[in-house]
Protein chains: 2
Amino acid sequence: MKNCIQELRAARKWSQADLAEQLDVSRQTVNALERGRYDPSLPLAFRIARLFGVAIEDVFQP
Amino acid sequence: MKNCIQELRAARKWSQADLAEQLDVSRQTVNALERGRYDPSLPLAFRIARLFGVAIEDVFQP
DNA sequence: TGAAAATGTAAAGCGTGCTTGACATTCCTG
DNA sequence: CAGGAATGTCAAGCACGCTTTACATTTTCA
């Protein structure tokens with residue numbers, strides 16, 4: 001499952017640590033998600049989409 | 001995280017076993033999801049929404 | 001250039017998502 | 001009413017999501 005978290009984050013000029021704090025996860029989790037090491041849980045996927053103001057389907061692509 | 005899997009399934013007159021087969025998960029998983037015992041993985045959430053022809057946000061509510 | 005910030009990675013540990021197998025209960029319907 | 005279908009639930013087991021701690025590498029910029 002691909003995602004464009006890095007692009008959305010970069011567009012806002014946030015560091016991985018900035019994003020992690022807003023999502024209430026660790027910086028390593030943000031890094032792992034951006035690098036495609038694993039998929040987020042559904043609740044985290046909701047928080048991510050909500051933070052960026054887009055639909056889940058706009059952030060993640062199967 | 002709430003969901004309306006049961007309503008979507010019932011509207012199609014599918015049994016939990018029917019749905020499980022189409023989603024490629026066990027019947028117990030469908031039952032657990034409908035009863036809110038846990039949330040699905042993101043890939044499974046995508047399969048569920050896609051099967052019902054709706055957005056993930058229409059099936060699951062934080 | 002050199003120091004600080006940002007990013008990448010690893011290991012160990014905990015909780016959860018999903019499995020199979022089995023069994024109990026409830027619901028249909030012939 | 002009887003018997004099968006559908007649903008609910010439990011237990012054991014495996015893989016993954018996320019954590020903390022720690023350290024290496026890359027990037028940025030004064």
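A residue is near a molecule or strand if one of its heavy atoms lies within 4 Å of it. By that rule, 18 residues surround DNA strand D, and the closest are Ser26(A), Gln28(A), Thr29(A), Tyr38(A) and Gln16(B). Before going on, some ground rules: this is a predicted model, where local features need pLDDT of at least 70, side-chain atom pairs count only at pLDDT 80 or more, and totals for chains, interfaces and linings use all residues. Residues are numbered from 1 along each chain as its sequence is written, chains are lettered from A and ligands numbered from 1 in the order in which they are written, and side-chain values use heavy atoms, with hydrogens and water left out.

**The two DNA strands**

Let's stay with strand D for a moment. Sugar or phosphate supplies 60% of the atoms of DNA strand D within 4 Å of the protein, and bases supply the rest. Sorted by class, the surface near DNA strand D has 4 nonpolar, 8 polar and 6 charged residues. Here Ala, Val, Leu, Ile, Met, Phe, Trp, Tyr, Cys and Pro count as nonpolar, Asp, Glu, Lys and Arg as charged, and the others, Gly among them, as polar.

Now for strand C. It also has 18 residues around it, with Gln16(A), Ser26(B), Thr29(B), Tyr38(B) and Ser41(B) coming nearest. Sugar and phosphate make up 61% of the atoms of DNA strand C that come within 4 Å of the protein. The class count for the surface near DNA strand C is 4 nonpolar, 8 polar and 6 charged residues.

The table lists polar contacts to the DNA (pairs of N or O atoms within 3.5 Å; within protein, one must be able to donate a hydrogen and the other to accept it, and residues adjacent in sequence count only if both atoms are side-chain atoms).

| Side chain | DNA atom | Distance |
|---|---|---|
| Arg9(A) | phosphate oxygen, strand C | 3.1 Å |
| Ser26(B) | phosphate oxygen, strand C | 2.7 Å |
| Thr29(B) | phosphate oxygen, strand C | 2.2 Å |
| Gln28(A) | base oxygen, strand D | 2.6 Å |
| Arg27(B) | base oxygen, strand D | 2.8 Å |
| Arg35(B) | phosphate oxygen, strand D | 2.7 Å |

Which elements give two or more residues to the surface near DNA strand D? They are helix 3 of chain A together with helix 3 of chain B. For DNA strand C, the elements that do this are helix 3 (27-34) of chain A and helix 3 (27-34) of chain B. Helices (H or I, at least four residues) and strands (E, at least two) are DSSP runs, numbered from the N terminus.

**Salt bridges inside the chains**

Over all chains there are 2 salt bridges, each being a side-chain nitrogen of Lys or Arg within 4 Å of a carboxyl oxygen of Asp or Glu. In one of them, the side chains of Arg9(A) and Glu34(A) meet at 2.5 Å, N to O. Arg9(A) sits in helix 1 (residues 5-11) of chain A and Glu34(A) in helix 3 of chain A, 25 residues apart, so the pair links distant parts of the chain. Both Arg9(A) and Glu34(A) are buried, meaning under 20% relative accessible area, with exposed being over 50% and partly exposed in between (1.4 Å probe, protein chains only).Glu34(B) and Arg9(B) also join their side chains in a salt bridge, at 2.5 Å, N to O. Glu34(B) is in helix 3 of chain B and Arg9(B) in helix 1 (residues 5-11) of chain B, so this pair ties together parts 25 residues apart in sequence. Glu34(B) is buried, at 12% relative accessible area, and Arg9(B) counts as buried at 11%.

**How the two chains relate**

A turn of 180° and a shift of 0.0 Å along the axis lays chain A on chain B with an RMSD of 0.0 Å. That is the relation of a two-fold axis. Copies are superposed by least squares on the C-alpha atoms of residues with pLDDT of at least 70 in both. In chain A, Leu42(A) has the C-alpha nearest the axis, 2.6 Å from it. The copies meet through the same surface, because 100% of the interface residues of chain A are also interface residues in chain B; contact means heavy atoms within 4.5 Å.
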